[in-house]
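Got your viewer ready? Load the model, keep the selection box handy and follow along stop by stop.

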Amino acid sequence: MMKRMFQFLVFSSVLFIISACSSTGDQEEVFDKMLQKIDTYESMHTKIYLDQYMKENDELEERQLRTLSNIALTREPFTMHQTINVDAGKGEEAVSNEEIYITEQGMFVQSEDEWIQFPPEMHEMMIGNGNEFHTIIDLEVFQDVLKEMKIEETGKQYILRFSTTDQKKHDDLMRLIAASSVAGQFQMEEAMAFDALTVDRLRLELYVDKETYDLNMYNLDLEFDLTFEDIVLSMVQHTETEITEMNEIEPIETPQDVLDNAVDFEQEMQK
């Protein structure tokens, strides 16, 4: 459960059609103003959909894993409510459903219909790292490829697009984004190891409000092979992220029924 929770938090949390292209100057201006606006977000709601196909070594069939995560958070104080729904696609039943509260009352995780209150030190660590917790990928790493981005306009939005299959040219960028996408499953230094990660494709789309420069949505597509010990894991990922309620969410409180029914973490581990 802990491993899955951190996978989705990092993962979290753990991430982007239309008219003629504009000049590089326009896309740089839109991108810079978008980054400046993101820095002003003190609260937000993020809806993240991840569709992931995996194949290990010479397996004939791919395995699908679909994740839908809704995250509401505030920065000061750092509070968060997250729901995570995972299924195996193809109409199969959910693999797991989890819910998380991180509030001033503590850290609570629901797994298998039971609420668990985590130790104070874990809660304090999450609160202390609140300013480092992001539900939006680190877009600043794309500043070096702005000249290769294409910009388009719709009635209310700018759309910035970047796509590459050239790992030789964009090696650091491609490996960093791919490694970040599996940071909860493997150690980051392992995923970033030179012979451990081969990225075949990276594609990003950013949807930016023309009036406010808010980032409303982004899509991210990745195809890569990750070598871990004697395992070669081939992965294809499609991520859609929608951002709403910027600076509109009040600090989140843990519902009373969760406080009343939560089981202490240490007691749960002794079962």
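Start by selecting proline 77, which sits in the loop between β2 (63-74) and β3 (79-87); helices (H or I, at least four residues) and strands (E, at least two) are DSSP runs numbered from the N terminus. Now add glutamate 76: the peptide bond that joins glutamate 76 and proline 77 is cis, with omega about 0 degrees. For background, most peptide bonds are trans, and most residues other than glycine have a negative phi.

A word on what you're looking at: this is a predicted model, where local features need pLDDT of at least 70 and side-chain atom pairs count only at pLDDT 80 or more, while totals for chains, interfaces and linings use all residues. Residues are numbered from 1 along each chain as its sequence is written, and side-chain values use heavy atoms, with hydrogens and water left out.

Zoom out and colour by secondary structure. The protein chain has seven helices and 12 strands. Of its 271 residues, 47% are buried, where buried means under 20% relative accessible area, exposed over 50% and partly exposed in between (1.4 Å probe, protein chains only).

Next, show β8 (157-164), β9 (197-209) and β10 (215-228). Strands count as paired here if DSSP finds at least two bridges between them. β8 and β9 run antiparallel, joined by eight bridges, and glutamine 157 stands opposite aspartate 209 in β9. β9 and β10 are antiparallel too, with 11 bridges; pick leucine 202 and you'll find leucine 222 of β10 opposite.

Follow that hairpin round its turn, where five residues lie between the strands. Select tyrosine 213, in the loop between β9 and β10. Its phi is near 65 degrees, a positive value in a residue other than glycine. Tyrosine 213 is buried, with a relative accessible area of 16%.

For a second positive phi, jump to asparagine 247, where the value is near 60 degrees. This one is in the loop between β11 and α6 (256-261). Is asparagine 247 buried or partly exposed? It is partly exposed, at 42% relative accessible area.

Now for the rings. Rings of Phe, Tyr and Trp (its six-membered ring) pair if their centres lie within 6.5 Å; planes under 30 degrees apart count as stacked, over 60 as edge-to-face and the rest as tilted. That rule gives four aromatic pairs. One of them is tyrosine 101 with tryptophan 115, tilted at 40 degrees between the planes and 5.8 Å centre to centre. Tyrosine 101 is in β4 (residues 94-103) and tryptophan 115 in β6 (residues 114-117), 14 residues apart.

Go back to tyrosine 213 and add tyrosine 158: these two are stacked, 6.1 Å centre to centre with 20 degrees between the planes. Tyrosine 158 lies in β8 and tyrosine 213 in the β9-β10 loop, so the pair ties together parts 55 residues apart in sequence. Keep tyrosine 158 on screen and select lysine 210, which lies over the face of that ring at 5.8 Å from its centre (the rule: NZ of Lys or CZ of Arg within 6 Å of the ring centre and within 35 degrees of the ring normal).

Last stop: the nonpolar cores, meaning sets of buried Ala, Val, Leu, Ile, Met, Phe, Trp, Tyr and Cys residues joined through side-chain atoms within 4.5 Å. In the largest, of 42 residues, select Phe31, Leu139, Phe142, Leu206 and Leu215, which touch the most other members. Apart from it lies another core, of 16 residues, including Ile71, Phe78, Met107 and Phe118.
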